[in-house]
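Q: I'd like a close look at one part of this model, namely its interior. Please walk me through how the side chains there are packed, and what ties the surrounding pieces together.

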Amino acid sequence: MNKIIAIQGAEGSNHHKVARDFYGNSIELKECMSFDVLVDSLLDHSSDLGIMALENTIAGSIIPNYALIDRNNLHIIGEEYLNIHHHLMCLKGQRIEDIKEVCSHPMALLQCKDFFKKYPHIKLVEDVDTAEVAKRIAKENLVGIAAIAPKIAAEIFGLEVIEDEIQTIKDNATRFVIVQTEKPKRNEEVNKASLKFQLDHKRGSLAAILNVLSDCKMNLTKIQSLPVIESPWKYSFFVDVTFEAYKDYEKAQAIIEIMAAEFKILGTYKTGSK
């Protein structure tokens, strides 16, 4: 029996592509129009796994998703880096001169705005999801309407890509994580950990933690701070570290548990290829 994988967005979205890249084509999808709905589906066990975007090379960290993972005690069991490509697609047999309106997610429209300066006759309309628009065009046979979406959406819904790679910045990647509610068994192949801790508001507290990571041969790949709600000037820190020897990670973990407050392991997993 296939595991049910919850994705943010619709079939044909980048989240769907990550699910397919990670688990293959034989998967059962649960489409969620928000990350909150995705997490709820994990908590009520209507899905087994979730795919969540966590950071982007242009937009930066998706901070609410850090809070969702932490607050709901989800476990990160893997990650995937995906280069983001935006393609303009519509019903077959049309040219860009025939397109009167392009609907897509606000971020996709923003990332492609320079392309559309060449086509002032096209109206840009914000929508909830890139792939959902592609699906609607195909289902309702919408002439003169185009979507900005990944090529996987054109393949699934039978649309024609009339313009390739329309994003302004070509090197744009998103990091996605795979999450679940159950704590996974230890895997000997893990070489990355996502940690969360709080520190007292005093000079040198963060520097001391970073020194521990360095002394234990940890490579710090990410650090993100979030304010602690209802505790002014107190912050939680989310860090990602990679390591070669698991014993070095265990040593760092043991020391930080003593030094920091609210220490938590969000996940240990194998680092994704970039």
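A: **A look inside the chain**

The chain has nine helices and 15 strands; these are DSSP runs numbered from the N terminus, with helices being H or I runs of at least four residues and strands E runs of at least two. Please keep in mind that this is a predicted model, in which local features need pLDDT of at least 70 and side-chain atom pairs count only at pLDDT 80 or more, while totals for chains, interfaces and linings use all residues. Residues are numbered from 1 along each chain as its sequence is written, and side-chain values use heavy atoms, with hydrogens and water left out.

Let's start with the whole chain. Its C-alpha trace spans about 65 × 45 × 35 Å along the principal axes. Of the 274 residues, 49% are buried, where buried means under 20% relative accessible area, exposed means over 50%, and partly exposed is in between (1.4 Å probe, protein chains only). Among contacts (heavy atoms within 4.5 Å) with a separation of 6 or more, 72% join residues 24 or more positions apart.

Now for the interior itself. In soluble globular proteins, nonpolar side chains tend to be buried together. A nonpolar core here is a set of buried Ala, Val, Leu, Ile, Met, Phe, Trp, Tyr and Cys residues joined through side-chain atoms within 4.5 Å. The largest such core holds 31 residues, and those with the most contacts inside it are Leu38, Ile51, Met52, Ile69 and Val179. Two or more residues each come from β1 (4–8), α1 (14–23), α2 (35–43), β3 (49–56), α3 (63–71), β5 (75–83), β11 (173–180) and β15 (261–269). Strand β3 gives the largest share, five residues.

Val179 is a good place to zoom in. Leaving aside neighbours within four places in sequence, Val179 is in contact with Leu42, Asp48, Leu49, Gly50, Met52, Ile69, Leu74, His75 and Ile76. There is also a second, separate core of 20 residues, which includes Ile209, Phe237, Val241 and Ile256.

One of the partners of Val179, His75, deserves its own moment. His75 is found in strand β5 and is buried, because its relative accessible area is 18%. Beyond four places in sequence, His75 is in contact with Ile178, Val179, Gln180, Thr181, Glu182, Lys183, Pro184 and Leu266.

Another buried spot to visit is Leu88, in strand β6 (residues 87–90), with a relative accessible area of 0%. With neighbours within four places set aside, the contacts of Leu88 are Ile96, Val102, Phe115, Phe116, Ala146, Ala147, Ile148, Glu160, Val161, Ile162, Glu163 and Ile166. The C-alpha atoms of Leu88 and Ala131 are 11 Å apart, with their positions 43 residues apart along the chain.

Next come the charged ties. The structure holds 14 salt bridges, each being a side-chain nitrogen of Lys or Arg within 4 Å of a carboxyl oxygen of Asp or Glu. In one of them, Asp70 pairs with Lys264, with the closest N and O atoms 2.8 Å apart. Asp70 lies in helix α3 and Lys264 in strand β15, so this pair ties together parts that are 194 residues apart in sequence. Asp70 is buried, since its relative accessible area is 14%.

Asp21 and Lys17 also form a salt bridge, at 3.0 Å between the closest N and O atoms. The two are separated by about one helical turn, because they are four residues apart in helix α1. Both are partly exposed, Asp21 at 41% relative accessibility and Lys17 at 28%.

A further salt bridge joins Asp164 and Lys151, whose closest N and O atoms are 3.3 Å apart. Asp164 sits in the loop between β10 (160–163) and β11, and Lys151 in helix α7 (residues 151–157), so the pair ties together parts that are 13 residues apart in sequence. Asp164 is partly exposed at 43%, as is Lys151 at 38%. Elsewhere, salt bridges that share partners join Glu55, Glu79, Arg175, Lys192, Lys222 and Asp240 into one network.
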